[in-house]
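Biologist: I am new to this structure and would like to learn how to read it. Could you take me through it, feature by feature?

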Amino acid sequence: MTTTPPPNADLVEPPGQQHGEPLHGAAARQAVRRTFSSPIASAAVVLIAVLWTIPTFGLFINSFRSKEDAASTGWWHFFSHPSFSLDNYHYVLFNEGGTILPLVNSLAITIPATIIPIFIASMAAYVLAWVRFRGSDAIFFTIFALQIVPLQMALVPLQRFYNFGAHVGSLQIFPGKVVTGLSQIWVSHTMFSLPLAVFLLHNFIAQLPESLIEAARVDGASHMRIYRSVVLPLAGPAIASFAIFQFIWVWNDLLVALVFGRGDASSQPITARSQQLVGSFGAHPQYLAPMGFITIVIPLLVFLALQRFFVRGLLAGSVKG
């Protein structure tokens with residue numbers, strides 16, 4: 001004999017759940033799913049996606065139009081008076097050195113500048129969250145406060161540090177010219193991203209079940225073993241979320257690459273190449289659109305590859321259980 005569930009069964013409170021009490025476990029996850037899958041939420045997401053996509057679509061259309069057409073008429077005129085040409089993409093890809101080398105340079109800058117801060121920040125977050133020692137809270141809040149330091153204020157001191165080292169009076173405690181080339185950009189991006197990385201990963205790692213950490217300690221696991229075998233797999237969503245943001249931030253950076261990178265074209269990232277193509281006074285705006293779409297290909301692939309971890313990281317702290 002089968003029974004039919006009552007109407008709106010998914011809205012019925014589970015046994016023992018009193019009205020107004022916080023939800024836990026499966027009930028909390030179902031509540032979050034119902035909230036984000038409601039018709040109003042879906043309509044809002046579609047509206048935001050359309051409004052966000054229209055300017056990008058217009059830029060994409062202009063990337064195939066001539067300079068005269070793009071300057072004289074709006075992109076929507078393409079549908080009434082279509083003019084299609086690949087000259088802009090051909091010039092961006094192959095003329096004046098092309099974009100292959102700048103793309104490789106950007107990868108050489110972005111990949112280490114993403115991996116290094118994640119590696120350091122994840123270890124620091126584990127220690128500050130689960131290895132209690134005197135002054136750990138003060139260290140954590142000091143690291144968090146470093147986020148207010150503007151990047152521009154640190155450029156000149158960092159440049160002097162790389163060139164002349166660090167001195168206390170006449171005593172040199174760190175020699176100059178040790179960090180050179182691309183490593184200057186890697187170290188700079190690591191310094192600028194560590195406060196936010198430690199803060200985000202600490203908040204996630206500190207919410208891991210204490211029973212897992214205690215069970216590993218009872219089994220005789222060292223802190224390094226706990227970090228490698230327990231914390232890192234469980235912190236994957238948070239690490240992937242920060243990795244997406246860090247990759248995009250470094251990939252789109254121009255200031256740090258120009259200040260600490262060499263001035264020759266062989267080491268310039270894709271952002272510096274884009275600046276050169278447009279010209280000092282914006283004399284060639286027709287190359288900006290195709291260069292922009294060539295530039296976003298790799299970050300888009302990274303986001304699509306890690307988006308499922310990104311969504312898990314966004315929802316990780318929304319429910320308990």
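Modeller: Below we talk through the fold, the aromatic pairs, the cores, one helix and the empty spaces. This is a predicted model, in which local features need pLDDT of at least 70 and side-chain atom pairs count only at pLDDT 80 or more, while totals for chains, interfaces and linings use all residues. Residues are numbered from 1 along each chain as its sequence is written, and side-chain values use heavy atoms, with hydrogens and water left out.

Biologist: Let us start with the fold. How many helices and strands are there in the chain?

Modeller: Helices (H or I, at least four residues) and strands (E, at least two) are DSSP runs, numbered from the N terminus. Here the chain has 15 helices and two strands.

Biologist: And what share of the residues counts as buried?

Modeller: Buried means under 20% relative accessible area, exposed over 50%, and partly exposed in between, using a 1.4 Å probe and protein chains only. Of the 321 residues, 32% are buried. Contacts tell us something else: a contact means heavy atoms within 4.5 Å. Among contacts between residues at least 6 apart in sequence, 71% join residues at least 24 apart.

Biologist: How do I read an aromatic pair?

Modeller: A pair of aromatic rings is described by the distance of the centres and the angle of the planes. Rings of Phe, Tyr and Trp (its six-membered ring) pair if their centres lie within 6.5 Å; planes under 30 degrees apart are stacked, over 60 edge-to-face, and the rest tilted. By this rule there are 20 aromatic pairs. One of them is Trp-75 with Phe-79, edge-to-face at 6.5 Å centre to centre and 75° between the planes. Trp-75 is partly exposed, at 22% relative accessible area, and Phe-79 is exposed, at 53%.

Biologist: Why is the pair of Tyr-162 and Phe-260 edge-to-face?

Modeller: The planes of Tyr-162 and Phe-260 stand at 80°, with the ring centres 5.4 Å apart, so the pair is edge-to-face. This pair links distant parts of the chain, 98 residues apart: Tyr-162 is in helix H7 (residues 151–164) and Phe-260 in helix H12 (residues 255–260). Tyr-162 is buried at 2% relative accessibility, and Phe-260 is buried at 4%.

Biologist: Which residues have the most contacts inside the largest nonpolar core?

Modeller: A nonpolar core is a set of buried Ala, Val, Leu, Ile, Met, Phe, Trp, Tyr and Cys residues joined through side-chain atoms within 4.5 Å. The largest has 25 residues, and Trp-130, Ile-205, Ile-226 and Val-231 have the most contacts inside it. At least two residues each come from H5, helix H8 (182–205), helix H9 (210–218), helix H10 (223–234) and H11. H5 gives the most, with seven residues. Take Val-231: leaving aside neighbours within four places in sequence, Val-231 touches Tyr-126, Ile-205, Leu-208, Ile-213 and Ile-226. A second, separate core of 13 residues includes Tyr-89, Leu-103, Met-291 and Ile-294.

Biologist: Is helix H13 mostly covered or mostly uncovered?

Modeller: Helix H13 (residues 270–278) is mostly covered, with seven of its nine residues buried. Among them are Ile-270, Arg-273 and Leu-277. The buried residues of H13 pack against helix H4 (87–94), H5, H11, H12 and helix H14 (288–295). Just after H13, Gly-279 takes a positive phi of about 95°.

Biologist: Last, the empty spaces. What is the volume of the largest cavity?

Modeller: On a 1 Å grid over the protein atoms alone, a cavity is a set of points where a 1.4 Å probe fits but cannot get out, and a pocket is an open set with protein on both sides within 12 Å along at least five of seven lines; lining residues have an atom within 4 Å of a point. Grid points are joined across faces, edges and corners, and a volume is the space filled by probe spheres set on the points. The largest cavity has a volume of about 40 Å³. Its lining includes Thr-110, Trp-251 and Thr-271. H5 gives the largest share of that lining, three residues. Thr-110 itself is in helix H5 and is buried, at 1% relative accessibility.

Biologist: And how many residues line the second largest pocket?

Modeller: The second largest pocket, of about 520 Å³, is lined by 19 residues, with Val-149, Met-191, Phe-192, Ser-193 and Pro-195 nearest its centre. H8 gives the most to this lining, with seven residues.
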